[in-house]
Amino acid sequence: FNSLLKDDGMQLVDYQNQKYFGLIQQGNEFDFLILVPVYSMLSATLQIWLIPLLILEIILIYVLSQISRELKNRELKGAYVELGQTQKRLEIALQAAQKAAAIDELTGMMNMKSFRSTVKHHIQGMEEDENGILIMIDGDHFKSVNDQSGHSAGDEVIRLTAQMIVGRIRTVDYASRLHGDEFAIFVSNTDNYDVARTIMEDINASIAKEAGKRNMPAITLSAGAVTARRGGRYTELFKAADEALYQAKKTHNGGFASFEEL
């Protein structure tokens, strides 16, 4: 073996078709040859390092799982936030759509559909001794405004009319632009036609005054009214108020008529 081994350290040698780590240990009288099978050396080395490696692997798996869980939590939180924001946007869009469906675009008043629904609900909820007045309104000579001054001026007249109507009713009353130059008011908690008549007189006076200030055409509003009581049907009230309006329109100058007085 001296020919196979060097004196300066361990060497890999072949002996009887097996590989060994060989080391010569010199003594005072004899030299010793130490042979360690490569497989045994590697097996022992692996045993020494296997447990730490397994522990390290477990630690790495745990750390990676925590990182993955944290990332997933962040992604989930982000998804919840985005979902909440999306839901909020949808709610806002729905509210806007509902508002758009209930409001007259030109004037900002209730449209016919929302007015009808609101008045129906109000009548159904009235007490036995409670009442109100439904007023149907139509502009006098509005067509001449469009013909002489144009539709843009006509729209301004409609807006002004709407402003004056809303400005002369209480918060417990309802007002709507039905279409064109036709409007409606529901006056709550009264069956006194003098109240309804006074409201219409104030509206007409306000339109004339404000139109003069703005240097724009002025129109008058004719109105027909009917008393509404609990259990009344909106379609019947509408028809009755419309008949009274037809009578009031005969003056073409801000007339007023009630259904009971026909």
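The secondary structure of this predicted model consists of six helices and eight strands. Along the sequence these elements succeed one another as β-β-β-α-α-β-α-α-β-β-α-β-α-β.

Confidence in the prediction averages a pLDDT of 83, and 75% of the residues score at least 70. Residues 1-8 remain under 50 in pLDDT, and the model gives this stretch 13 contacts beyond four places in sequence. Where pLDDT is low, the predicted coordinates should not be read in detail.

Of the 262 residues in the protein, 32% are buried. The exposed surface comes to about 17300 Å², of which carbon and sulfur atoms supply 55%. Among contacts with a separation of 6 or more, 61% link residues 24 or more positions apart.

An open sheet of five strands has the order β5-β6-β4-β7-β8, with mixed pairing. Strands β5 (174-179) and β8 (256-258) stand at the edges; each has a single partner strand, so one side of each lacks a neighbour in the sheet. On average, neighbouring strands of this sheet are turned by 20° against each other, direction ignored. Strands β7 (residues 220-229) and β8 run parallel and are joined by three bridges. Within β8, F256 is the bridge partner of A223.

Two helices lie across strands of this sheet, as set out below.

| Helix | Strands crossed | Angle |
|---|---|---|
| α2 (residues 112-124) | β4 (131-140), β5, β6 (182-188) and β7 | about 140° to β5 |
| α4 (residues 151-167) | β4, β5, β6 and β7 | about 5° to β6 |

Technical notes. Residues are numbered from 1 along each chain as its sequence is written. This is a predicted model: local features need pLDDT of at least 70, side-chain atom pairs count only at pLDDT 80 or more; totals for chains, interfaces and linings use all residues. Side-chain values use heavy atoms; hydrogens and water are left out. Helices (H or I, at least four residues) and strands (E, at least two) are DSSP runs, numbered from the N terminus. Buried means under 20% relative accessible area, exposed over 50%, partly exposed in between (1.4 Å probe, protein chains only). Contact means heavy atoms within 4.5 Å. Accessible areas come from the Shrake-Rupley method with a 1.4 Å probe; for residues, only the protein chains shown count as cover. pLDDT is the predictor's confidence in each residue, from 0 to 100. Two strands pair if DSSP finds at least two bridges between them. Axes are lines fitted to C-alpha atoms, for helices over the stretch in contact, and angles run from 0 to 180 degrees between N-to-C directions.
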